[in-house]
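Here is a short briefing on a protein model. Keep the sequence and the 3D view open as you read.

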Number of protein chains: 2
Amino acid sequence: MQIYSAPLRDMRFVLHELFADDQFDASAAFAEFTPDLYDAVLEEAGRMAKDVLLPLNASGDLEGCRLENGVVRTPAGFPEAYRQFRDGGWAALASAPEWGGQGLPETLNKLVEEMICSANLSFGLYPGLTHGATTAIEGHGSEDLKRAYLPRMVSGEWSGTMCLTEPHCGTDLGLLRTRAVPQDDGSYRVSGSKIFISAGDHDLTDNVIHLVLARLPDAPAGVKGISLFLVPKFLPRDDGSFGPHNGVSVAGIEHKMGLKASATCQMQFDDATGWIVGEPNKGLAAMFTMMNTERVSVGIQGLGVGEIAYQSAVAYARERQQGRALTGPKRPDLPADPIIVHPDVRRMLMTMRVYAEGCRAVGQWTSRALDAEKHAPDPELRARATDFIALMTPVVKALFTDLASEAANLCVQTYGGHGYIREHGVEQFVRDARITQIYEGTNGVQALDLVGRKMPANMGRAMRPFFHAVSNLCEEMAGSTDKTLAAQTAALHQAFGALQLTTATIARKAMKNADEAGAAATDYLKMLGLVAIGYTFLRAARIATDRLAEGSADAAFYRAKLATAAFFFDRILPQATGSFLVIKAGSRSTMALAEELF
Amino acid sequence: MQIYSAPLRDMRFVLHELFADDQFDASAAFAEFTPDLYDAVLEEAGRMAKDVLLPLNASGDLEGCRLENGVVRTPAGFPEAYRQFRDGGWAALASAPEWGGQGLPETLNKLVEEMICSANLSFGLYPGLTHGATTAIEGHGSEDLKRAYLPRMVSGEWSGTMCLTEPHCGTDLGLLRTRAVPQDDGSYRVSGSKIFISAGDHDLTDNVIHLVLARLPDAPAGVKGISLFLVPKFLPRDDGSFGPHNGVSVAGIEHKMGLKASATCQMQFDDATGWIVGEPNKGLAAMFTMMNTERVSVGIQGLGVGEIAYQSAVAYARERQQGRALTGPKRPDLPADPIIVHPDVRRMLMTMRVYAEGCRAVGQWTSRALDAEKHAPDPELRARATDFIALMTPVVKALFTDLASEAANLCVQTYGGHGYIREHGVEQFVRDARITQIYEGTNGVQALDLVGRKMPANMGRAMRPFFHAVSNLCEEMAGSTDKTLAAQTAALHQAFGALQLTTATIARKAMKNADEAGAAATDYLKMLGLVAIGYTFLRAARIATDRLAEGSADAAFYRAKLATAAFFFDRILPQATGSFLVIKAGSRSTMALAEELF
């Protein structure tokens, strides 16, 4: 059973309450929008997700995409759902008004993204990639390109892709071979083969705008010789009609473990006409604008799948009756108790719940920085936001998606044998979530980015906004008279201390041996991620405690929040200790085995 | 790439060296067999796995099983492969010579099972379930039933099933509704619906012998009213020919996440003729004979998938070239280094390797007890072996399969995007391994069995052989002059101390509140499992150190063993500390959230 209703109450909590007084305040830039408007958008998005996208999730997985006469067909219902999505204005939510966007903040937009990905991850990729592509064009394209492409892409009339990967080159883009030859009219002829191109072709939009990494004829070797090109499927004429099909074709579509309703294409470029985006040989910077946007979004994808996995597991745990509670029958009127009475089932449900709420809160924290980076009046604040985003991008991407896969698997486990068969639709969550740990840079690459790049850059500057926030909160709350809050503050403070110590240790060891950073990376990202979640839960618990003391009419929500926070501090945060010990052991045993002895 | 060669050297190590002096010695009963014979069997089995079963693994997954005119067809090649398997005598390896078996020890048989499951898990289920069914008939059936069925089942001419689950009843067998009505001739008429019946029907054998749990008309309610019945698909006549088709039909086959070449059937029994196995209303005991055999085998299935995942990942990590080593290019002759140079890739490979070697060793330890229980001359040793098996059955089942799923996922992660597409065949490992955490009792049920049943029974008697073994080893090695061995001994001793403390804490708390055991169960099983693996690695490291000191000609193997042991103690065992802290937190936060607030 794929069960989903947008978690509106928790979304409103992270949007309005959790960070009301925090470091990344850009609210002045959005003064024209009221909280009521945000809530109305969330409600409407929740309805769209549930009524339009969710019903196509299982059927889309079963049917998949197919290549027919060189054109990709999405599963039944997808074109119509996309039309509703676009007509509802969902494609343009957070885009700049200059290009037809609604200019709403990322804090709101990322919650809507979460809903879309809960209801139908495959569907979410089509507008998601368009959003990444528009970001790159906006940031690096010429005015002509912007005017020619952005309005139609922002509205969702045309879609976008990112064409990076080639058969022999994924992570290591320096190896790429696609060529771009300049023409006298300022355009380029692009030729080469790309694989794993999400939304590379489909029947949802009239045109597909490819952003393609390629080499100029005189480009230096490696990543310093990569440029970015805009290559449309159809060449648009000035009058709005299309010219001939460009030299872009679909060589095949991939058969994947999951995400089957998202077309993953092998694209062939044969002297295709394109235009350069940004400076020659500076394509990697332009690409990273797009990639970083996508990485945060992939984290949100994970959160989305984790949330529907949680809700689907709860529904089944309430309904399925097996055995009796260890402490005696809870529902003697039934032949057996619902399995939600069993501690091990609750362990699974609470774990999924903590992951969803924790990631939603950390995602919101990051989204606030995304808004502050663009819109805060204070340049120092903008710079701090940039640093924080740099740090959190790999964490959001890898942590959220690792936890999403774990949650999806816990959902299947809650269903038992019934989770393993297609009928109930939950094994799809596992298959769909699995790709989020891989694409837009594997989670190992994210961890390396964190430890090898973000951590040492500028003497650790990117870490400061994060460290300061956690440190300040621990200090503020150290004197809490609430016993539970005091204990949770102590627990966070201890984990944070271990994280600081580990950070220093890795930095020191890595100066002598770079493998020390590499071997520690994945565990370090997990530690930092757990501290980040702990930070948000401690804030949440403080707010909930206050609201309950004030006699809030919404006591049930705040009591639930306290219960969830307690579970996090009891049962999830201690895993950071394991990671701490693992990192402490160093890289030696990881690197010791001679290659031929594997 | 599904890459597999039987890990013969490590198999010989666990079989001949690792436990040469241990507590469960039943070698006297197998004096007729020489080590050379065992090695020859392993080699031959490895060839069969690689040449006959592996080539059908990916194709079987793609094709799946289908129901045609009421009969299940297995994928192309399966009937012929099964014929070769049966003709080679592999079905009868460890069965009693009385019924045509070869009487080889379980220590050897479980290694062969591992190979079969590495090469083709779906295939492995057909003979695997037959083996479980023969065990139940041997242990509980009448002499007539044994004579009529065992010879043909042991030879593999007929296959067997376990028909337990019904739509509304999986774990909670007390709810089952299938009925058996006694007839004047001593037979029964069995009627009811069963689901999730592995190998319920297929085209590999002439007959399928179902062992069916059902209720007699006067049976008491719940699990005390369950009896076991043998119900053949075709009723055999005394002359060896078949009578008419029995009232057994296939109502459908399940569409599953994986294991697609194994037919999972919905079976319908309509006044089917059957015979009781064991005493009326004592079916659960007979069923548990079969179930416990199967549970250990499911653990071995996990190990098998974990091993092929490891080998397939290593092959790719050697071949795939991306990026340069952090410490400088290792293969400047190539456009990029093979990814095996990257610490995070090595982390994944070493983790998979440790899991495979660790589980193989713990599996062998358990298999020695299986042989000792049956064949040791000393009744006290037999009793200790029974205790040890009782303890280790849930651990082998749950630990091995949890680690297998993790290993399969690490393999996919090593492949990156290439692992997510069907072409390379490794995403199949994830889908196939996933069921092993569920069937024959979910891993949560295993953990409860360990903590709620095995731990407290007879004042903790089942724990003693395990605790004594670990304690003795730590004591023996405490004075080691080898610095590494001394440190590893200390690490194991510390984890063992935490396990003992946790055992006592859970026992004490659970007396007041049964939920304390339930909430701790999964983490406790993991802790105990890690200590068990640690025990085997410490033994292995001691042997390897000795052999290297003696100047063994096989130094490469022993050096690799030391490297693998070091990785385990550095990076895997510390996770037990996380589990220790989680259990310490108790059950409160797991149980606190009111059901309606989920």
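A cavity is a set of grid points where a 1.4 Å probe fits but cannot get out, and its lining residues have an atom within 4 Å of a point. Keep in mind that this model is predicted. The structure holds 15 cavities of 30 Å³ or more. This briefing looks at the second largest cavity, with a volume of about 370 Å³. It then turns to how chain A and chain B are related.

**The second largest cavity: its lining**

- Its lining is made up of 30 residues.
- Nearest its centre lie A:Glu113, A:Gly124, A:Pro127, A:Gly128 and A:His131.
- By type, the lining residues comprise 16 nonpolar, 11 polar and 3 charged.

**The second largest cavity: its helices**

- Five stretches of chain A each supply at least two lining residues: helix H4 (78–87), helix H5 (106–119), helix H6 (121–140), helix H7 (143–154) and helix H8 (283–319).
- Which helix gives the most to this lining? H6(A) does, with 8 residues.

**The two chains**

- Two copies of a chain are related by a rotation about an axis and a shift along it.
- Here, a turn of 180° and a shift of 0.0 Å along the axis lay chain A on chain B, with an RMSD of 0.0 Å.
- The two copies are therefore related as by a two-fold rotation axis.
- The same surface serves both copies, as 100% of the contact residues of chain A recur in chain B.
- Which residue of chain A comes closest to the rotation axis? That is A:Gly578, with its C-alpha at 2.5 Å.

Note on methods:
Residues are numbered from 1 along each chain as its sequence is written. Chains are lettered from A and ligands numbered from 1 in the order in which they are written. This is a predicted model: local features need pLDDT of at least 70, side-chain atom pairs count only at pLDDT 80 or more; totals for chains, interfaces and linings use all residues. Side-chain values use heavy atoms; hydrogens and water are left out. On a 1 Å grid over the protein atoms alone, a cavity is a set of points where a 1.4 Å probe fits but cannot get out, and a pocket is an open set with protein on both sides within 12 Å along at least five of seven lines; lining residues have an atom within 4 Å of a point. Grid points are joined across faces, edges and corners, and a volume is the space filled by probe spheres set on the points. Helices (H or I, at least four residues) and strands (E, at least two) are DSSP runs, numbered from the N terminus. Ala, Val, Leu, Ile, Met, Phe, Trp, Tyr, Cys and Pro count as nonpolar, Asp, Glu, Lys and Arg as charged, and the others, Gly among them, as polar. Copies are superposed by least squares on the C-alpha atoms of residues with pLDDT of at least 70 in both. Contact means heavy atoms within 4.5 Å.
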